[in-house]
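Please work through the exercises below with the sequence and the coordinates at hand, trying each task before reading its solution.

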Amino acid sequence: MAPPLTDTRVLDLSSGSVGGIATMVLADFGAEVVKVEPPGGDPWRDLAAAPMWLRGKRSIELDPDSDRDRLAALIREADVVVSTDSPAQAQARQLAYADIQALNDAAVFCSITGFGPTGPYAEYPAYEGVVSAKSGRMLSFAGQRKREGPGFAAVPVGSHGASQGAVQGILAALIERQRCGRGQIVETSLLQGLLPFDLLQLLLTQLAEREPQIYPQLFNIGGGMPTLNYHPVMTHDGRWIQLGNLLEHLFYAFMDAADLTLLFAEEQWQGGQAEWTPAALEEMRDRILERMQEKTCDEWMDIFRAQGNVAAEPFTPTHDAVDNPDMAANGDTITIDDPQLGPVKQLGPIAHLRETPAEIARPAPAVGEANGFRWTQRHGDAPMMTASNGTTPSGKPLDGFTVLEFATIIATPIGVSMLADLGARVIKVEPIGGDPFREMGGGPLRGLLASKTNAAKESICIDLKSPDGQAIVAELIAQADAIVHNYRPGVPERLGIGYGIARAIRPDIVWVSANGYGPDSPGARRPSAHPIPGAAIGGASFQAGSAMPPQGCETIEEIREASRQLMRANEANPDPNTGVVVASATLLGLYAQQRYGVGQEIYVNMLAANAYANSDDFLQYEGKPPRRQIDAELYGTAPWYRLYEASDGWVFFAAPTCEEWTAFCQEAAPQLEDLSADDEAAMTAAIAQVFAQAPAAEWERRLTAVGVGCVQADAASCGQFFAHDEHVLANDFSPVAPHRRLGAVRRWGPLTKMAGGRDDYGPGVLAGAETDDILEEIGRSQEEIAHLRAKGIVWSEAVTLE
């Protein structure tokens, strides 16, 4: 069957990788994508990853200011228009949504900006580092190295989130266009792209301000030693392995594979880790670290893979991760012959759709290779289109769709919550006792993390191992459009939710599987957790900086400190990195379902999703420029893209273009205008002297006024920023929602705003909060529900914690 977006016309007015990856995904799945480039081409074509994000497209060289008629003709016949102009740029170029709508009311217009459509930062330069620093993300890396000040945030997760947010919004808008016959504006930004990566701080900030005696203020999470479950370990040959055995049974599997289980016979290690004394825990840490030095990395990995229930992967830089054997076997890497570069090994599709798969063949086009282009003639009307019927887009394009979620912890649940924000009814089916993530954090933090991952859903808790529980699920499947789960192969079948079972009930069901390695890889049945793709795909090594891992550690104290830094670098971003792809993949399936009437299996895995987040370096070809590494102390990647200490506070400075460097010099340091970039150490020292002369807030005011990216990087934690910053509030990026336990609190806003947004984004849901309502909906009486509860078939948690 043809890819889902076949015959869909996409006009790509974007510049750079964020819009480039979004439209590449659309092209991968069948869209006809035409990239409009200024004379000379997209100025970011010299980026190492451009051969990938330009693939599958045609290129037109066109000056929008002098060739308005030609551009207007393309817009009139497009289904989708994608722009990365700032609000002011779009207005000045007459390419804002109102201009597009006047030419083509049926077009979906996707706007990708740095900070959103309005507010005081709307015109700040849209660089990942600028947005990351301003929003407090860099402050969360304070303490990774033992120095004062924030730490550079390496992996471009905001860009990854925004590009997938654009894909999601475009697909959802095309689905809604089928109902109303009209296009709409789809808005995302790098700032919105960062929202999935704050898992706690926004909520905790509000609670700490409300009840400071109960809730702590934590500006960075995990600043101390790692847990024993999530621990980097050094092997005999000096290489490092990341352990990711979050759940208790996985930790015991690791201890068994490491031949350390006899330690549990000793009195100090009786019971679970929570029952050990601090001294006993630290002694166990040393025993593990010492044991890991007895074999090489390859020897340990052979043992762990053979055991089958140990989550572990070596730390690998991204450029080497391109050769990952699991990704190769799964079809997550492909090679395209480029006429200029030769073979280019690169990322495959974001997901594997069994009935409507991606088709990727065409290499990146030369600038202007399709000058004179006309849209391909379509046989019949535009796909997924109806005549305008007076209905306007609602802000809830997935209204009427029902998604069943069978997933735990972070990656998949957070992705499904994005579908809920787009208007889908999401029913989270949890085990008795709830998603185990609800119990993590401990003390006053118990349950708070799950508020983020379960926003806007309904919840029912069911014993899926019982016949009565599976009968309930079968009735839910009959009314569902999609199932999303994160079980390992074989488990869905045992629980009554396997694809064959679901398809027999609902033939057009979209069935999405999200796990660590993918179904066709050697590691298909192995467990995974966020540190595993972080290590395996290179994000953790990149964030760790050039001083990590050290060349050699001679003492246990040196190993402990290196493991602390590596785990701080291997923060939680791989889970949201996966979540945004889960949402995009599900929408591709729903789009194909609506267009072709088919259901299908769809597979997403954490390795490929995190390769997309690291796509700036995830490709190989002769002459590829190397990824710029972070300096040893985590300031940044270049003198013109890094943190500097000001006379009061810290700034992040971004001036990668000649125009921006000139503007910086003219405003702040005329003496540096002719400074050579060949001696980067001298350049860094000279710039540092300039910033030391004034406070960070003053530098932000002066330099952003002349178009230079410079923001204070330590003004607020991400929680404080999203809770209180005037720009966030102006864009409604943290809307208030009524939580059953916590009352009215600001929650994380949607990754993508549709048709201007809505005013009823749902709160985090408690486990089983809608159990009775859902059972009544499928015909169970109050007496039957009471009987099911008494038998332990269904369950709900109490609103008030004990």
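The exercises that follow deal with cavities, nonpolar cores, a lysine and a helix.

The model is predicted, so that local features need pLDDT of at least 70 and side-chain atom pairs count only at pLDDT 80 or more, while totals for chains, interfaces and linings use all residues. Residues are numbered from 1 along each chain as its sequence is written, and side-chain values use heavy atoms, with hydrogens and water left out.

**Exercise 1.** Find the cavities of 30 Å³ or more in the whole structure, and describe the lining of the largest cavity.

*Solution.* Begin with the definition: on a 1 Å grid over the protein atoms alone, a cavity is a set of points where a 1.4 Å probe fits but cannot get out, and lining residues have an atom within 4 Å of a point. Grid points are joined across faces, edges and corners, and a volume is the space filled by probe spheres set on the points. The search of the whole structure returns 5 cavities of 30 Å³ or more, and the largest holds about 140 Å³ of space. It is lined by 13 residues, of which Ser 417, Asp 421, Lys 452, Trp 748 and Gly 749 are the closest to its centre. Next, sort the lining into classes, where Ala, Val, Leu, Ile, Met, Phe, Trp, Tyr, Cys and Pro count as nonpolar, Asp, Glu, Lys and Arg as charged, and the others, Gly among them, as polar; the result for the largest cavity is 8 nonpolar, 2 polar and 3 charged residues. Finally, helix H15 (residues 411–421) gives the most to this lining, with 4 residues, helices (H or I, at least four residues) and strands (E, at least two) being DSSP runs numbered from the N terminus.

**Exercise 2.** Describe the largest nonpolar core and the surroundings of Phe 664.

*Solution.* A nonpolar core is a set of buried Ala, Val, Leu, Ile, Met, Phe, Trp, Tyr and Cys residues joined through side-chain atoms within 4.5 Å, and buried means under 20% relative accessible area, exposed over 50%, partly exposed in between (1.4 Å probe, protein chains only). Of the 165 residues in the largest core, Phe 652, Phe 664, Phe 691 and Trp 699 touch the most other members. Helix H7 (residues 157–180) supplies the largest share of this core, 10 residues. With contact taken as heavy atoms within 4.5 Å, the partners of Phe 664 beyond four places in sequence include Phe 653, Ile 687, Phe 691 and Val 708.

**Exercise 3.** Is Lys 457 buried or exposed, and which polar contact joins its side chain to that of Asn 454?

*Solution.* Lys 457 lies in the loop between helix H16 (449–453) and strand S15 (458–462). Its relative accessible area is 5%, and therefore Lys 457 is buried. A polar contact is a pair of N or O atoms within 3.5 Å; within protein, one must be able to donate a hydrogen and the other to accept it, and residues adjacent in sequence count only if both atoms are side-chain atoms. The side chain of Lys 457 is joined to that of Asn 454 at 3.5 Å, and it also reaches the backbone oxygen of Thr 453 at 2.8 Å.

**Exercise 4.** Why is helix H9 (residues 201–210) described as largely enclosed?

*Solution.* Because 8 of its 10 residues are buried, H9 is largely enclosed by the rest of the structure. What covers these buried residues includes H16, helix H28 (718–724) and strand S24 (743–746). Thr 205, found in H9, has a relative accessible area of 0%, and its side chain reaches the backbone oxygen of Gln 201 at 2.8 Å.

Technical notes
1 Å grid on protein atoms, 1.4 Å probe; cavity = no way out; pocket = protein on both sides within 12 Å on 5 of 7 lines; lining within 4 Å.
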